Amino acid sequence: MRSIGIGVIGAGVMGAEHARIIAREVSGAHLAAVADADPARAEAAAHGGRAMTDPEALIADPSVEAVLIASPDATHQRLVLAAIAAGKPVLCEKPLAVTTQDCLEIVVAETRAGRRLVQTGFMRRFDPTYRELKATLEGGTLGGVRILHCQHRNAAAPTWFTGEMAITNSLVHEIDVCRWLLSTEYRTVTVTPFLSSDPKTSDPSLFLFETDDGSLVSIELFMNAAYGYHVHAEAVCERGTVGMAHPAPVRIRREGSQSGGYPENWIPRFRDAYRIQNQAWVDGIHNGVPAVDGASAWDGLVATCLAEQIIEAKATRQRTTLKLPHNPSVEAFS
Ligand code: ISE
């Protein structure tokens, strides 16, 4: 099989991990180049590929046939548009862009290009546990879903978090994966932030969604849960429940008690998901068909657009009806 040259933009925690996965764990592709503003970081992540500092030069480079973007959120839109203009497939870390308008411009540019070039990096869709949950729900033995309970806990919010990134950068995972799990859209949201004497601290928060198919989605988002990284989901259905088991692969029983560890962050927890996602993206490029279950540019827009409305709902604490714009790509790609 021909090997596709991949260029990775951003060599921070996530970019370095994506570069490692492409260089070491994905077949049918090789790491052609890594770009980062910090040349030493680019070099360290390049695994023998080219290290560059200019992301636009990486996109234009003939050795780069497809682009993986893992640079800061605010740079995503410009770089995705540049990849579309160059006719190169692009896998962009979430969020696709930081405003609905910016996402819409991507959806329009891709629609004009006439082919699916963009995948949004909602990797939980490729996580074996979430996939088993979805297969069980779709198998029908448990009946319809009444409530989908989710927990999303970080040991500590990343140091680079600012403003409402808990919603635009973290909660967007649940926004995406729950609508994918249930194959439905959200109708309303009500947000209850933790009330503390310091009005700037609203962690943890509870989000309650009503969906078009009549189920409820509850999400606890706790950015500073202290004990470790912990993501959990359980569906309460008409004839039973299905939920994730403990995330640690082993349990220790000792001196009258049992224990199991929690990872420090999302990379160990979702290691398989990132690898499977990146392989599916590369396979899709070879086949000329987007990865089945990969999040599209429209899915990226939905997450950002709902995040914007959820931020407003959090301020008002009112049950808020959620709205989406017209999808200009629906006719082109259906
Ligand atoms: C981080 O940016 C991620 O993408 C993780 O998957 C997420 O769980 C975490 O909360 C975010 O901060």
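Student: Which loop holds proline 95?

Tutor: Proline 95 sits in the loop between strand E5 (90–93) and helix H5 (100–113). Keep in mind that this is a predicted model.

Student: What makes the bond from lysine 94 to proline 95 stand out?

Tutor: That peptide bond is cis, with omega near -5 degrees. Another cis bond joins aspartate 203 and proline 204, where omega is about 0 degrees. Proline 204 belongs to the loop between strand E8 (186–193) and strand E9 (205–211).

Student: Back to lysine 94. How do you know that its side chain makes a polar contact with the ligand?

Tutor: Set the distance against the cut-off. A side-chain N or O atom of lysine 94 is 2.8 Å from a ligand oxygen. The limit for such a pair is 3.5 Å, so this is a polar contact.

Student: Why does histidine 173 count too?

Tutor: An N or O atom in the side chain of histidine 173 is 3.0 Å from an oxygen atom of the ligand. That value is within 3.5 Å, so the pair qualifies.

Student: And what is the distance for tyrosine 229?

Tutor: A polar side-chain atom of tyrosine 229 lies 2.5 Å from an oxygen atom of the ligand. As for cover, the ligand taken alone exposes 300 Å², and the protein buries 97% of that.

Student: Which pocket does the ligand take up?

Tutor: The ligand takes the space of the largest pocket.

Student: How many residues surround the ligand?

Tutor: There are 13, with His152, Asn154, Asn169, Ser170 and Tyr229 the closest. The shell divides into 6 nonpolar, 5 polar and 2 charged residues.

Student: Which helix gives the largest share of the shell?

Tutor: Helix H7 (residues 165–182) does, with 3 residues.

Student: Which domains supply the shell?

Tutor: Domain 1 (4–124 + 272–296) and domain 2 (127–265 + 305–321) each give at least three residues.

Student: What makes serine 183 worth a look?

Tutor: Serine 183 has a positive phi of about 50 degrees, although it is not a glycine. Serine 183 lies in the loop between H7 and E8.

Technical notes
Residues are numbered from 1 along each chain as its sequence is written. This is a predicted model: local features need pLDDT of at least 70, side-chain atom pairs count only at pLDDT 80 or more; totals for chains, interfaces and linings use all residues. Side-chain values use heavy atoms; hydrogens and water are left out. A residue is near a molecule or strand if one of its heavy atoms lies within 4 Å of it. A polar contact is a pair of N or O atoms within 3.5 Å; within protein, one must be able to donate a hydrogen and the other to accept it, and residues adjacent in sequence count only if both atoms are side-chain atoms. Accessible areas come from the Shrake-Rupley method with a 1.4 Å probe; for residues, only the protein chains shown count as cover. On a 1 Å grid over the protein atoms alone, a cavity is a set of points where a 1.4 Å probe fits but cannot get out, and a pocket is an open set with protein on both sides within 12 Å along at least five of seven lines; lining residues have an atom within 4 Å of a point. A molecule sits in a cavity or pocket if more than half of its atoms lie within 2 Å of its grid points. Helices (H or I, at least four residues) and strands (E, at least two) are DSSP runs, numbered from the N terminus. Ala, Val, Leu, Ile, Met, Phe, Trp, Tyr, Cys and Pro count as nonpolar, Asp, Glu, Lys and Arg as charged, and the others, Gly among them, as polar. Domain bounds come from an automatic or database domain assignment.
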